[in-house]
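Welcome, and please open the model in your viewer. We will go from stop to stop, selecting a few things at a time and looking at what is there.

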Amino acid sequence: MPGVAPARAIGPLIPTSRGAMSRGLTLDYLDHPIAICRLPPETPIPAWAWTARYFVTVSRTEQELSITADADVMPADVPSQRDYRAFRVRGTIGFGLIGLLSSIIRPLSEAGIGILSIGTHDTDYVLVKEDEVEHAKSALERAGHHVVGR
């Protein structure tokens, strides 16, 4: 993709689930409050979702309509989980990379930090609760990743 750098590997080698070794990743901390809501599956996508400036993703299944978006655009009367922040893998990730997301999730899980992962065409995001951000950053850095921001 022109103008987009590939995901950059840095830091110490990290064992992957297949026994191979990979380098740590650069993760950007996004300091924008994010909220997550679940609506009935037949609900039309609300117009407010598209007003998000920093982050929005919409998923519809037979069971639900899920919207993850900037917290400030989600109406207060919409039942939601709020106060999330995101870590974004820097660069564009190829579809063939194996173990990349697990190298992020594993240290967070071992540190007792709950996450929500979201993938886009280009990269991955890992959301954690605001009160877990510093703990998550420390766990990621101990695992060999480089966190930029905060």
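## First stop: Asp-28 and its partners

Select Asp-28, which counts as buried at 9% relative accessibility, because the cut-off for buried is under 20%. Keep in mind throughout that you are looking at a predicted model.

Now add Arg-90 to your selection. The two residues form a salt bridge, and their closest N and O atoms are 2.6 Å apart. Asp-28 sits in strand S2 (residues 21-39), while Arg-90 belongs to the loop between strand S5 (80-89) and H1, so this pair ties together parts that are 62 residues apart in sequence. Unlike its buried partner, Arg-90 counts as partly exposed, at 31% relative accessibility. Add Arg-88 as well: Asp-28, Arg-88 and Arg-90 are linked in a network of salt bridges.

## Second stop: Arg-85

Next, select Arg-85 together with Asp-31. Here is another salt bridge, with 3.3 Å between the closest N and O atoms. Arg-85 is in strand S5 and Asp-31 in strand S2, so the pair ties together parts that are 54 residues apart in sequence. Is Arg-85 buried or exposed? Arg-85 is buried, with a relative accessible area of 11%. Asp-31, at 48%, counts as partly exposed.

Keep Arg-85 on screen and add Glu-130. These two also form a salt bridge, their closest N and O atoms lying 3.1 Å apart. Glu-130 is in the loop between strand S7 (124-129) and helix H2 (133-142), and Arg-85 is in strand S5, so parts 45 residues apart in sequence are tied together. Glu-130 counts as partly exposed, with 25% relative accessibility. The count for the protein comes to five salt bridges.

## Third stop: the nonpolar cores

Clear the selection and pick Phe-87, Ile-104, Leu-108 and Leu-140. They belong to the largest nonpolar core, which has 17 residues, and they touch the most other members. S2, S5, H1, S7 and H2 each supply at least two residues of this core. Which element gives the most to this core? That is H2, with four residues.

Zoom in on Leu-140 and show its surroundings. Beyond its neighbours within four places in sequence, Leu-140 is in contact with Leu-27, Phe-87, Ile-104, Pro-107, Leu-108, His-145 and Val-147. Then select Cys-37, Leu-39, Leu-65 and Ile-67, which are among the 13 residues of a second, separate core.

## Fourth stop: Ser-103

Select Ser-103, found in helix H1 (residues 100-110). Ser-103 counts as buried, at 10% relative accessibility. Not counting residues up to four places away in sequence, Ser-103 touches Leu-25 and His-145. You have met His-145 already, in the list of contacts of Leu-140.

## Last stop: the whole protein

Finally, show the whole chain as a cartoon and find the two helices and eight strands. Trace them from the N terminus and you will follow the order β-β-β-β-β-α-β-β-α-β.

Which share of the 150 residues is buried? Buried residues make up 37% of them. If you turn on contacts between residues at least 6 apart in sequence, 61% of these join residues at least 24 apart. Switch to a surface view to end the tour: the protein exposes about 8,300 Å², and carbon and sulfur atoms supply 54% of that area.

How values were computed
Residues are numbered from 1 along each chain as its sequence is written. This is a predicted model: local features need pLDDT of at least 70, side-chain atom pairs count only at pLDDT 80 or more; totals for chains, interfaces and linings use all residues. Side-chain values use heavy atoms; hydrogens and water are left out. Buried means under 20% relative accessible area, exposed over 50%, partly exposed in between (1.4 Å probe, protein chains only). Contact means heavy atoms within 4.5 Å. A salt bridge is a side-chain nitrogen of Lys or Arg within 4 Å of a carboxyl oxygen of Asp or Glu. Accessible areas come from the Shrake-Rupley method with a 1.4 Å probe; for residues, only the protein chains shown count as cover. A nonpolar core is a set of buried Ala, Val, Leu, Ile, Met, Phe, Trp, Tyr and Cys residues joined through side-chain atoms within 4.5 Å.
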